[in-house]
Amino acid sequence: MSPRFFPYSHLEFRSGIPVIAVSGFHIQLIHASTGAVLFSTLNSPPYIQESLKKSGPIRCAVLDNSNTHLVTLADDKKLKVWKLDGLQLLHERELPKRPTSATCTLDGQTIVVADKFGDVFSYPLHPPPGSESQISTSAPLPQEDSTTPGESISVYATADITLPAVKTSSNKRKSKKQKLHENPPAPRSSLASHVPTSDGTLVLGHTSLLTCFLLTADNKYIVTADRDEHIRISWYPQGFCIESFCLGHTQFVSAVHIPSDRPGTLISGGGDAELKIWDWRSGKHEMDIPILDSVKPYIKVKVKSYTRTASTNFTEEQADRSREGTEDQESAPHASEEQAVLAVQKIRTLSDHILFTVTGGSALFSVAFLNGTSTAPSVHAVNFGKPVLNFTIAPDKRIWVNIDLNWSENENGDDYGDDSPAGKAIRVVNLAADGQLSDVSLTSTPPILDALQEKCLIEASAEDLAALNLYSSLQSLPKNTGEYDGDDDDLGNATPRATGIPKNIRTNTRKKSQGSGGGKKEQGKLKSQKAVAEKTKKHGNQSVHRDVEDVVPHEENASESKLLKSEGPATEADSEDIRMLDS
Amino acid sequence: QKRFYRQRAHANPFSDHTLDYPKSPQHMDWHAHYPGVAPGKKPEFADIGCGFGGLSISLAPLFPDTLILGRVLLLGIKALAGLLSGMEIRVQVSQYVKDRITALRTANTGEPKAHYQNVSIVRANAMKFLANYFEKASLSALFFLFPDPHFKVRKHKARIISPTLLAEYAFVLRPGGIVYTITDVKDLHDWMKTHLENFPLFEPVSEEELRAEGKGDIVDAVYTSTEEGKKVERNKGEKWLACFRRIEVPR
């Protein structure tokens with residue numbers, strides 16, 4: 001078996017520093033001209049390597065403006081901060097929820113992190129001295145933070161140490177009230193739901209999974225986008241003050257960008273068929289750039305859509321927790337057609353053009369950024385054959401593209417595809433003045449490119465690669481596939497679409513999913529014979545609501561509901577009963 | 001079994017229900033909800049979790065030129081709300097309110113004040129989509145009457161008042177606008193009061209101040225006009241009011 005290698009997940013090119021290459025669990029610093037590997041976590045002490053492996057593949061790597069510190073996030077809840085020079089791991093901290101992305105403030109003293117739950121927290125660059133989360137190079141494996149994140153009692157203790165010890169300038173400006181807001185004191189008999197851990201400060205929160213965010217160049221505003229089509233612009237660091245919303249997406253938003261030469265403009269993309277351009281301060285939607293038709297042919301990674309037949313649902317109710325897979329398919333033979341899902345992955349601008357990629361798409365796209373033209377600009381593409389994982393613009397304006405070198409048409413089987421990985425991990429692209437993109441990887445091959453293509457490749461086992469799960473967002477972000485997303489935070493089941501004008505009445509022909517308890521996908525059902533008979537897709541969740549005529553709208557109903565309400569916790573038991581009665 | 005035919009009191013606001021919602025406030029057709037009112041007028045009072053509409057309907061004749069909306073979040077039929085906007089996620093309840101409003105409008109055509117043309121209801125998830133309905137600073141009053149206490153700690157994130165949601169309420173409420181909260185659950189009252197007090201864009205306002213400002217009618221309605229409120233009285237429970245004014249803060 002020929003060895004397989006991790007694809008590169010991130011590359012960073014900046015003048016005056018080595019190239020930062022992240023692949024799998026590891027980080028390498030490579031000399032920008034000679035291609036020599038200067039530092040690599042492969043050479044780090046064993047306990048750091050252990051920690052890296054345990055955390056899972058690195059999903060986010062951010063370098064601060066002064067090129068001093070590197071912040072990484074992986075699949076666990078740890079925030080790691082490295083000193084770039086020497087690739088020294090300074091410390092790691094436990095975050096309250098699984099992070100999705102992070103960024104550093106201009107002064108490099110604060111790290112802003114968004115999480116799956118929908119919250120954004122900010123952390124001082126260095127945790128306060130004396131906290132258990134620090135790692136010194138001579139120490140053995142880092143102590144786990146003793147407080148468990150989430151909703152356990154110990155979080156209350158952390159909440160007492162609410163104010164970050166590091167005096168950032170923003171701290172001084174804050175009013176007492178603001179400080180209290182950012183670190184909500186847990187009311188005595190219960191715990192607040194947005195309690196930070198590890199000296200974090202709550203910046204803001206969405207009631208939805210946060211997909212992407214950015215800080216404006218002057219760090220005065222924070223733009224956050226979620227799965228429920230919202231783009232929100234709030235003050236930073238006073239995230240409690242919303243400046244505006246950019247509303248108009250009808251599908252999840254997965255990428256946002258503010259061009260450096262047009263600081264008042266916001267470009268956004270997600271599941272919609274077009275990119276949207278906004279004047280973000282006012283929230284005004286300025287124009288759409290249609291991309292779906294141009295992009296669709298290049299979407300290589302397809303998503304299975306599950307269809308279920310009526311007879312199968314009860315067993316599936318049990319299996320609903322795991323979407324990703326095979327368990328869902330065990331029951332009844334149902335068609336699992338594959339379809340292409342559009343999810344804009346990353347947006348950047350270069351020389352009056354918008355560059356973007358889509359998750360699972362094998363091309364880099366460019367489209368002219370023209371304001372006020374009547375005809376839709378054409379979308380140029382350069383195809384690489386295999387899905388693009390990321391792209392970076394280097395100081396010389398060349399675009400470096402990371403490819404999923406292991407991907408093959410036959411789907412993550414043990415089929416390697418006959419191409420050797422060398423020569424496929426990275427492509428270099430040139431953007432011409434007219435927007436055309438061309439692959440120049442073969443015409444100019446600087447030593448750094450050779451190094452990345454070959455000697456810097458890190459071997460990966462089959463399990464490692466399977467755990468990469470590079471395209472899960474294609475399943476988890478859209479709302480109409482009948483899939484649940486598997487969070488512990490019951491966000492989002494099957495869903496509605498945002499329409500232009502809300503409809504008056506919806507008839508109950510479909511089953512609706514109605515979660516009720518925390519955490520799990522509860523089946524709070526309303527009893528209905530019809531519902532049982534007309535189950536169609538969706539994970540056997542519940543039952544529809546009875547017809548309107550059956551409503552008994554008066555006091556009695558209210559008191560009945562009140563009764564149910566005060567039984568509160570009994571709802572889970574109720575659901576059990578209902579289910580059994582149904583069968 | 002009989003009780004399973006009732007509408008459940010809870011609906012998970014984090015789920016994606018099959019609700020339609022406008023993609024932005026500019027796309028919201030308020031006139032469809034308030035046909036008897038000039039198009040272009042928007043709600044000013046919003047009753048979140050309006051239940052059976054008691055508050056909105058009581059307030060309607062007091063503020064005949066103001067649109068009031070009730071929001072319902074029960075699953076099922078969606079009813080749309082009006083200028084006094086009631087927002088409620090529960091289906092059957094929203095349907096009930098819609099019917100009740102229709103009946104009131106028909107019975108009172110021609111009435112100068114109690115015409116009920118200014119009240120309606122929307123079935124919506126206010127926790128997720130409030131900003132889809134209301135523009136910045138467009139409301140002058142927000143009502144959270146007897147909200148679901150979500151007693152369990154792990155359910156606290158579903159409470160309608162939270163540090164993260166308060167930012168949205170402050171966004172839709174204009175400076176000077178008032179948030180009215182009332183509950184018979186002391187813990188919840190403490191929770192809401194603490195969170196609102198700690199939120200930089202709200203400052204507490206006492207009942208006396210509100211009455212002095214001429215909002216006594218509203219306060220009375222908050223205490224007594226909801227089904228829930230009446231029930232609390234029948235059971236000799238206590239009600240705790242907590243009101244806050246939306247303020248501005250410097251950058």
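Buried, as used here, means under 20% relative accessible area. That matters right away for helix α4 of chain B, whose buried residues are B:Leu165, B:Leu166, B:Ala167, B:Glu168, B:Tyr169, B:Ala170, B:Phe171 and B:Val172. Keep in mind that this is a predicted model.

## The helix and the cores

Eight of the eight residues of α4(B) are buried, so the helix is largely enclosed by the rest of the structure. The helix also ties into the packing. The largest nonpolar core has 62 residues, and the members that touch the most others are B:Leu142, B:Tyr169 and B:Phe202. Helix α4 of chain B, residues 165-172, is the top contributor to this core, giving seven residues. A separate core of 32 residues lies apart from it, including B:Ala60, B:Val97, B:Ile101 and B:Ile182.

## Chain A in outline

Chain A has 583 residues, and 59% of them are buried. Its secondary structure comes to 13 helices and 33 strands. Take the contacts in chain A between residues at least 6 apart in sequence: 56% of these join residues at least 24 apart.

One stretch carries an annotation. An unreviewed UniProt entry lists residues 246-288 of chain A as "repeat: WD". In the model, that stretch is 51% strand and 0% helix, with its end C-alpha atoms 13 Å apart.

## The loop between β13 and β14

Now for two residues in a single loop of chain A. A:His206 sits between β13 (201-205) and β14 (210-215), and A:Thr207 is in the loop between those strands too.

Is A:His206 buried or exposed? A:His206 has 5% relative accessibility, so it counts as buried. Its side chain makes a polar contact with the side chain of A:Asp226, at 2.8 Å. Setting aside neighbours within four places in sequence, A:His206 is in contact with A:Phe117, A:Gly118, A:Thr224, A:Ala225, A:Asp226 and A:Arg232.

A:Thr207 is buried as well, with a relative accessible area of 9%. Its side chain reaches over to chain B, where the backbone oxygen of B:Met127 is at 3.1 Å. As for distance within chain A, the C-alpha atoms of A:Thr207 and A:Ala363 are separated by 33 Å, and the two residues are 156 apart along the chain.

## Salt bridges

Over all chains, the structure holds 25 salt bridges. Here are three of them, with the closest N to O distance for each.

| Lys partner | Acidic partner | N to O distance |
|---|---|---|
| A:Lys53 | A:Asp464 | 3.9 Å |
| B:Lys128 | A:Asp228 | 2.9 Å |
| A:Lys276 | A:Glu274 | 3.4 Å |

Start with the salt bridge between A:Lys53 and A:Asp464. This pair links distant parts of the chain, 411 residues apart: A:Lys53 is in helix α1 (residues 46-55) of chain A, and A:Asp464 is in helix α9 (residues 462-468) of chain A. A:Asp464 is buried, with a relative accessible area of 13%.

Which elements does the bridge between B:Lys128 and A:Asp228 join? The pair crosses between chains, from helix α3 (residues 126-133) of chain B, which holds B:Lys128, to the loop between β15 (221-226) and β16 (231-235) of chain A, which holds A:Asp228. Both B:Lys128 and A:Asp228 are buried. They also belong to a network, in which salt bridges that share partners join A:Asp228, A:Glu229, A:Lys479 and B:Lys128.

In the bridge between A:Lys276 and A:Glu274, the lysine is A:Lys276, which counts as buried at 4% relative accessibility.

## Cysteines without partners

How many disulfides does the structure hold? Over all chains, zero. A disulfide would need two cysteine sulfur atoms within 2.5 Å, and two examples show how that works out.

For A:Cys60, the closest cysteine sulfur is in A:Cys104, 9.2 Å away, so the two are too far apart for a bond. A:Cys60 is buried, with a relative accessible area of 10%.

For A:Cys246, the closest cysteine sulfur belongs to A:Cys212, and at 12 Å that is too far for a bond. A:Cys246 also counts as buried, at 0% relative accessibility.

Conventions
Residues are numbered from 1 along each chain as its sequence is written. Chains are lettered from A and ligands numbered from 1 in the order in which they are written. This is a predicted model: local features need pLDDT of at least 70, side-chain atom pairs count only at pLDDT 80 or more; totals for chains, interfaces and linings use all residues. Side-chain values use heavy atoms; hydrogens and water are left out. Buried means under 20% relative accessible area, exposed over 50%, partly exposed in between (1.4 Å probe, protein chains only). A nonpolar core is a set of buried Ala, Val, Leu, Ile, Met, Phe, Trp, Tyr and Cys residues joined through side-chain atoms within 4.5 Å. Helices (H or I, at least four residues) and strands (E, at least two) are DSSP runs, numbered from the N terminus. A polar contact is a pair of N or O atoms within 3.5 Å; within protein, one must be able to donate a hydrogen and the other to accept it, and residues adjacent in sequence count only if both atoms are side-chain atoms. Contact means heavy atoms within 4.5 Å. A salt bridge is a side-chain nitrogen of Lys or Arg within 4 Å of a carboxyl oxygen of Asp or Glu. UniProt positions are given in the numbering used here, feature names are shortened, and annotations may be inferred rather than shown by experiment.
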